[in-house]
Amino acid sequence: MKRSLLLFLFLLGIAGQSAYAQALITGKVISRQDGALLPGVTVRIKGTSTGTATKLDGAYSIQASQGQTLVFSFVGYLPREVQVGATNVINVDLNVDESKLKEFVYTGYGIKRDKKFLPYAVQEIKGEDVAGTQRENFINSLAGRVAGAQITSTSGTPGASASIILRGPVSMDGNNQPLFVVDGLPVSNRTFHQSALTSDGPNRDNDYTNRIADLNPEDIESITILKGPEATAMYGTDGASGAIVITTRRAKAGRGSVNYNNSFRAEKVYRFPEIQKVYGRGANGAEDTDIRQFFGPKYAEGTKMYDNINQFLNTGFTQKHNISMEAGSEKLTYRLSGALTDQQGVIPNSKFTRGSVNLSATAQITPRLNSNVSLTYIKTNNRKPSKGQNGYLFSLLSWPSDDDISDYLNPDGTRRKIRGDAGTESDNPYWDVERNLNQDRTDRTMANVSLTYEVAKWFNLTGRVGTDYYTTDGNVFLHPESNQGISPKGRIENYKETSSMFNGVFLATFDKTWGKFANNLILGMNFEDSRYNVISEKGEKFYDPNFNGMNNTDPATRLMKTTMSNKRKYGYFGTLNITYDNFWNVGITARQDASSTLVPNKPDFFYPGVSTSLILSELPAFKSLTDVSLFKLRASYAYTGKDPRVPYLTRSRLAQQATTGGGFALGVTGGNPDLKAEFTKSFEVGADLKFFKNRLGVDVAYYQLKSENQVLAPRLSYATGVVLKNINAGFLSNKGIELMITGGIIRKKDFSWDVTVNFDKNVNRISQMPADLPEFYVSDNWLYNIRTNYYQGVSLTTLGGYTYLRNNAGDILVDPANGQPLKNATFTPIADLNPDFKIGVINKLKYKDFYLTFNIDIRRGGDVFNGNEMYMYVNGLSTKTVDREQPRVVKGVLRDGKENSSKPTMNTIAVVPYYQNGYYISGAVEEEFVEKDVNWLRLRDVTLSYALPRTLLKRQRLFQNLSVFVTATDLFILTNYTGADPAVSALTAAAGGSGSGGYDYGALATPRGINFGLNAKF
């Protein structure tokens, strides 16, 4: 008995000591990648059943003893073991398990799908990568990052528009830009077209921001690029040129936080057309200071020369501020953000400001009913410099180097002129930017509401409706003393643009598995009601030369114009995806659309699609290949339809007549009641390969697009009563290859290096001209005597222009009267803008708490029209005219009637351009200013950032994360192009057909920018 009592006391003592050794261990678990708190992480003591889980704020607590091991595990992350030591606080960061992490992408109408099973090519760009470039128009940040994308920014001025075309144009005269979708619903990316103005000027004298640029990049979570046929078929007519699906940021359940970041940028133009400063104003070697052509004598020795160009250009400055607050629980989350961008351009008085507020929330109303709501308000102000033929750039180039450009006012405040005939004298650039106003203001509201009801675990219903509404108030003020204002004695033109889009989609989704068959069926319908209206008014003859108001004009000169464009569309669609045994997927899509633009003809049209993917790596034969993470083959074929981009083409319109008797008559364009939708047949095959636990990835795609029933308006005989008529005709094709390689080159604890390489090549051809016409052109894209011209068998990106007149043997014909070459005044193919291929290289490096990313954009081939050089050449400013005193003989034959004989007369007539400046003026021909096979290597953006170590942040409670960064944009370009920037455009993003690229005329090169800023999370 005594022994038993002693044994009991001994065991009780041991138990007491064991209990005494245990302690309460606490801490938090975060993600190593972004520092996010991780709720739901399992924490257990190794070798026991004792465990717990982290709460919403990532915190946990557990009783454990020294020497025991805590195991932390979470879905999608690598498990981690930590031995309990002397401290009672153990904070842990978990690393993402890339070999098991599923990649979900958003496709049609906010539907999220596993990328592994997709039978078509998609590419996803993270919002943080886009925002990190610090560009105001996020479209420009996609250059080099998206395979198959052709991106053109019109200029380097604030608020400049940008266009994007995926996989080449599919419409000769229509809009070839992709559809933009935000949180599951389409939104507007319209760029204002000057044809809506009372003045109805060419669409290249001014620039207007493309409206998707209103979005704040900091509110973007991800961007998914849909290019394949079945990928865009769900969006109907709007998706015929692809779709860019944007998902905005949402709060996550857990601890609330406040985020703030800023950026301050200085930018400077570093590439500019070079002018000669040897010869002054005049003609044929004689001085004449009343003209702005520089064919006079040399500047006298000792003449004071001014650096007018660099004196005029400023150092631009931009500041951005973004703040957001987010919090939530498992049943309710919300995020509120505000942003301000203030950009002062390199051109004096050019300015762009944007302010935005975004509110988003998710709620689990009942266990089966969920909702998503977002509301965004955006306000922009843009003060723009003039552009094109009468813009500041050409006036800056042609301002005499022996005159101080900053001295632009007389003592009484009037305009100082440097020539006698002020009516044709180009404005001093300072005068232009100070006294001529060109500005617009936009207010925009976007709202999106969705409800999802789970009828059963395998069946849910989703309804989503949204609106996108904006108004733009524009004002152009031309001072009575300005070049364009002298004749009308001052001109004001105001316009109010109103755009509203109301759309919605309703989906029924069925997910059911029977045995080895996983089935997904989606049935849906969508509607869209778009209304667009522009009211423009113009007045002339100012009473007060400096007052900007319509009441300051003579009432007899006032004109008004109203432009209306209302469209309504609806569609029914269905998709069926069947996956067998997790390795073979078959998809079928079908859609029936109807568009008001085709009324009264049959307005509805049907198009189907089919696709398949085979995941070979899921087969037993591949399971033993441990280095193969994914081996997928895919193929898809689909039809896509496209209705006319503008309404009211099926009926002829009447136009008011100002002739004797007045009344109405047929307008310029005749209607066609039999008009049909354009159709594109798309075929794509590809493969998605991943190796070494996803460290190496290869995604390759080959595609073919064949487009028919082009909607365009060729010229008719005047006997028909109209000039143009819309028809369905023409056949064109695109084919190409896209390749994306991703590689985790180095993955160490303190150092990692990831690379993404994009490659694409596109070839397009016009297989059949509409109505067998010899040519067709896009009038918007017409500068000098060069324009976008379509011919049988050539590329859709062909430019037609004037060439030298040649004989049958190809020799240049020379005028016997003066020895100068003769022009062929017909438009013939002289350029192809389409590059041979493009490459983008994205690098991401991390060393401890330092991060370095940079984007290299490479282009091989493609022609560019150097319109700036032609302008300088015909005005004696080009450096190519400096040898004007050297006699020369044009290599060619005389046009003397023997030019096509067996013995043409060779030209021997010497020309001295110094005395015969017609050699430069009338002898200039557009084909000579097309620069062939332009290549470039461009460092688009580079960012170096430093995140303060968490060990340092633990010492305070204010900051959860804190980092600083420096970002450089357009740091340098290596190119064989002799002009300033081959990537800008004389046109705007509103240009149809093959787009706005390839015209370097009157537009400022993209400046180099250096940004500094910080990111803080509280």
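Visitor: What share of the 1018 residues in this chain is buried?

Guide: Buried residues make up 53% of the chain. Keep in mind that this is a predicted model. A residue counts as buried under 20% relative accessible area.

Visitor: What makes the chain as compact as a globular protein of its length?

Guide: Start with the make-up: 10 helices and 57 strands. The radius of gyration is 33 Å, and the globule rule gives 31 Å for 1018 residues. The two values are close, so the chain is as compact as a globular protein of that length. Along its principal axes, the C-alpha trace spans about 140 × 70 × 65 Å.

Visitor: What share of the contacts joins residues at least 24 apart in sequence?

Guide: The share is 69%, taken among contacts between residues at least 6 apart.

Visitor: And how much of the accessible surface belongs to carbon and sulfur atoms?

Guide: These atoms hold 57% of about 44000 Å².

Visitor: Why is Arg167 called buried?

Guide: Its relative accessible area is 3%. The cut-off is under 20%, so Arg167 counts as buried. Arg167 is found in the loop between strand 12 (162–166) and strand 13 (179–182). Its phi is positive, about 60 degrees, although Arg167 is not a glycine.

Visitor: What is Lys541 called: buried, exposed or partly exposed?

Guide: Partly exposed. Its relative accessibility is 39%, and the class runs between 20% and 50%, so Lys541 falls inside it. Lys541 also has a positive phi, about 65 degrees, without being a glycine. Its loop lies between strand 27 (517–540) and strand 28 (559–580).

Visitor: What joins Val599 and Pro600?

Guide: A cis peptide bond, with omega about 15 degrees. Pro600 is found in the loop between strand 29 (584–595) and strand 30 (604–615). Those two strands run antiparallel, joined by 11 bridges. Two bridges are enough to call strands paired, so strand 29 and strand 30 qualify. In that pairing, Asn585 stands opposite Ser613.

Visitor: Which side chains of strand 30 point to the buried face?

Guide: Phe605, Tyr607, Gly609, Ser611, Ser613 and Ile615. The side chains alternate along the strand. Asp604, Phe606, Pro608, Val610, Thr612 and Leu614 point to the other face and are not buried. Strand 30 also runs antiparallel to strand 31 (residues 628–642), with 7 bridges. There, Leu614 has Leu633 as its bridge partner.

Visitor: How do you know that strand 43 is mostly covered?

Guide: Count its residues: 5 of 5 in strand 43 (residues 786–790) are buried. Both faces are covered. Ile786, Thr788 and Tyr790 are on one side, Arg787 and Asn789 on the other.

Visitor: Which strands pair with strand 43 in the antiparallel sense?

Guide: Strand 42 (residues 776–783) is joined to strand 43 by 4 bridges, and strand 44 (residues 798–804) pairs over 3 bridges. Tyr777 stands opposite Asn789. Ile786 has Gly801 as its bridge partner in strand 44. Strand 42 and strand 43 form a hairpin with 2 residues between them. Tyr784, in the turn, has a positive phi of about 45 degrees.

Visitor: What makes strand 53 (930–931) and strand 56 (999–1000) edge strands?

Guide: They belong to an open sheet of 3 strands with the order 53-49-56 and mixed pairing. Each of the two has a single partner strand, so one side of each lacks a neighbour in the sheet. Strand 49 (residues 864–866) pairs antiparallel with strand 53 over 2 bridges. The minimum is two bridges, so this link counts as a pairing. Val864 stands opposite Glu931. Helix 8 (residues 867–874) packs on the sheet and touches strand 49 and strand 56. Its direction makes about 25 degrees with that of strand 49.

Visitor: Which residues touch the most other members of the largest nonpolar core?

Guide: Phe312, Ile347 and Phe865, in a core of 50 residues. Elements giving two or more residues to this core include helix 4 (308–312), strand 46 (823–832) and helix 8. Beyond four places in sequence, Ile347 is in contact with residues including Phe312, Tyr392, Val433 and Leu1004. Another core, of 24 residues, lies apart; among them are Val130, Ala162, Phe180 and Ile212.

Visitor: What tends to happen to nonpolar side chains in soluble globular proteins?

Guide: They tend to be buried together.

How values were computed. Residues are numbered from 1 along each chain as its sequence is written. This is a predicted model: local features need pLDDT of at least 70, side-chain atom pairs count only at pLDDT 80 or more; totals for chains, interfaces and linings use all residues. Side-chain values use heavy atoms; hydrogens and water are left out. Buried means under 20% relative accessible area, exposed over 50%, partly exposed in between (1.4 Å probe, protein chains only). Contact means heavy atoms within 4.5 Å. Axes are lines fitted to C-alpha atoms, for helices over the stretch in contact, and angles run from 0 to 180 degrees between N-to-C directions. The radius of gyration is taken over C-alpha atoms; the globule rule is 2.2 Å times the number of residues to the power 0.38. Accessible areas come from the Shrake-Rupley method with a 1.4 Å probe; for residues, only the protein chains shown count as cover. A nonpolar core is a set of buried Ala, Val, Leu, Ile, Met, Phe, Trp, Tyr and Cys residues joined through side-chain atoms within 4.5 Å.
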